[in-house]
Amino acid sequence: MENIVYFDLETQKTFDDVGGRDHLDKLRMSVGVTFNSADNAFHRYTEDSVAELIAELKSASLIVGFNQLHFDFPVLRAYTQENLAGLPTVDMLDHLHRRLGFRVALDNLATATLGASKSADGLQAVRWWQQGDMENLFAYCEKDVEVTKRLFEFGRQNHHVLFRDRRYKVQRVTVSW
């Protein structure tokens with residue numbers, strides 16, 4: 001049976017705090033959330049339990065996320081020597097970027113495909129971290145994982161997802177994940 005781990009993390013700092021996008025390993029993880037198909041449950045991690053998060057990722061037959069190859073995994077490099085990008089992974093943003101030639105936001109895809117939207121954004125997540133509001137931070141990250149899971153399942157079942165272009169017209173893009 002396929003053990004799919006859907007994954008997202010939030011950071012303690014912003015790009016401005018660390019000198020730009022070239023320093024992802026300095027952003028530090030605030031929280032990470034997975035949904036594991038093996039036990040059909042969400043799992044919450046903090047920086048103190050990042051080793052357990054990495055172990056769960058390594059145990060997956062497939063890791064699914066949105067921008068984990070160019071964001072989440074580089075953030076985790078501060079905590080491990082493991083080549084996480086070498087694990088079996090579907091990065092939906094990377095997949096769509098290669099198909100379309102441009103990036104599409106998770107919220108755009110979720111709204112057009114599922115009629116669902118994200119509850120906040122990454123900057124708000126950093127503010128929650130700074131305020132010590134762990135419950136809102138975890139809830140936001142968990143919602144992103146849930147949206148990612150639903151979008152992946154929709155694409156896998158229907159072989160496409162939807163997004164709104166710059167003129168707000170709904171477009172269909174074929175996916176093979």
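This report describes the fold, salt bridges, aromatic pairs and selected residue environments of a predicted model.

## Overall architecture

The chain contains 7 helices and 7 strands. Read from the N terminus, these elements follow the order β-α-β-β-α-β-α-β-α-α-α-α-β-β. The C-alpha trace extends over about 40 × 40 × 30 Å along its principal axes. A compact globule of 177 residues would have a radius of gyration near 16 Å, and the chain, with 16 Å, agrees with that expectation.

Burial and contact statistics complete this overview. Of the 177 residues, 47% count as buried. Where contacts join residues at least 6 apart in sequence, 63% of them connect residues at least 24 apart. The exposed area of the chain is about 9,100 Å², of which carbon and sulfur atoms supply 46%.

## Salt bridges

The structure holds 9 salt bridges. Three of them are listed below with their N to O distances.

| Salt bridge | N to O distance |
|---|---|
| E135 and R44 | 3.4 Å |
| R44 and E142 | 3.2 Å |
| K143 and E146 | 3.8 Å |

R44, E135 and E142 are linked in a network of salt bridges. In the pair of E135 and R44, at 3.4 Å, distant parts of the chain are linked: E135 belongs to helix α7 (residues 134–158) and R44 to strand β3 (residues 41–46), 91 residues apart. The side chains of R44 and E142 meet at 3.2 Å. Because R44 lies in strand β3 and E142 in helix α7, this pair ties together parts that are 98 residues apart in sequence. R44 is partly exposed, with a relative accessible area of 36%, and E142 is also partly exposed, at 22%.

The bridge between K143 and E146, at 3.8 Å, lies within helix α7, where the two residues are 3 positions apart and therefore separated by about one helical turn. K143 has a relative accessibility of 28% and counts as partly exposed. E146, at 25%, is likewise partly exposed.

## Aromatic pairs

A pair of aromatic rings is described by the distance of the centres and the angle of the planes. By the pairing rule, with ring centres within 6.5 Å, the count comes to 8 aromatic pairs. One of them is formed by Y6 and F35: the ring centres are 6.4 Å apart and the planes stand at 50 degrees, so the pair is tilted. Planes under 30 degrees apart would count as stacked and those over 60 as edge-to-face, which means that an angle between these limits is assigned to the tilted class.

Y6 is located in strand β1 (residues 4–11) and F35 in strand β2 (residues 29–36), so their pairing ties together parts that are 29 residues apart in sequence. Both residues fall under the 20% limit for burial: Y6 has a relative accessible area of 3%, and F35 has 8%. Y6 and F35 also belong to one aromatic cluster, together with F42, F152 and W177.

## The environment of Q12

Q12 is found in the loop between β1 and α1 (15–18). With a relative accessibility of 14%, Q12 counts as buried. Its side chain takes part in two kinds of polar interaction listed here. A polar atom of the Q12 side chain lies 2.9 Å from the backbone oxygen of M29, and a polar contact of 3.0 Å joins the side chains of Q12 and E47. Leaving aside neighbours within four places in sequence, the residues in contact with Q12 are L27, R28, M29, S30, E47, V126 and W129. Both polar partners, M29 and E47, thus appear in this contact list.

## The position of L106

L106 is placed in helix α5 (residues 106–114). This residue is buried, with a relative accessible area of 8%. L106 and D165 are 59 residues apart along the chain, and their C-alpha atoms are separated by 13 Å.

Methods. Residues numbered from 1 in each chain as written. Predicted model: local features only at pLDDT ≥ 70, side-chain atom pairs only at ≥ 80, totals over all residues. Heavy atoms only, no water. Phe/Tyr/Trp six-rings, centres within 6.5 Å; stacked < 30°, edge-to-face > 60°. Helix = DSSP H or I, 4+ residues; strand = E, 2+ residues; numbered from the N terminus. Buried < 20%, exposed > 50% of the residue type's maximum accessible area, 1.4 Å probe, protein only. Polar contact = N/O pair within 3.5 Å; in protein donor to acceptor, adjacent residues only side chain to side chain. Contact = heavy atoms within 4.5 Å. Rg over C-alpha atoms; globule rule 2.2 N^0.38 Å. Areas by Shrake-Rupley, 256 points an atom, 1.4 Å probe, with all protein chains shown as cover. Salt bridge = Lys/Arg side-chain N within 4 Å of Asp/Glu carboxyl O.
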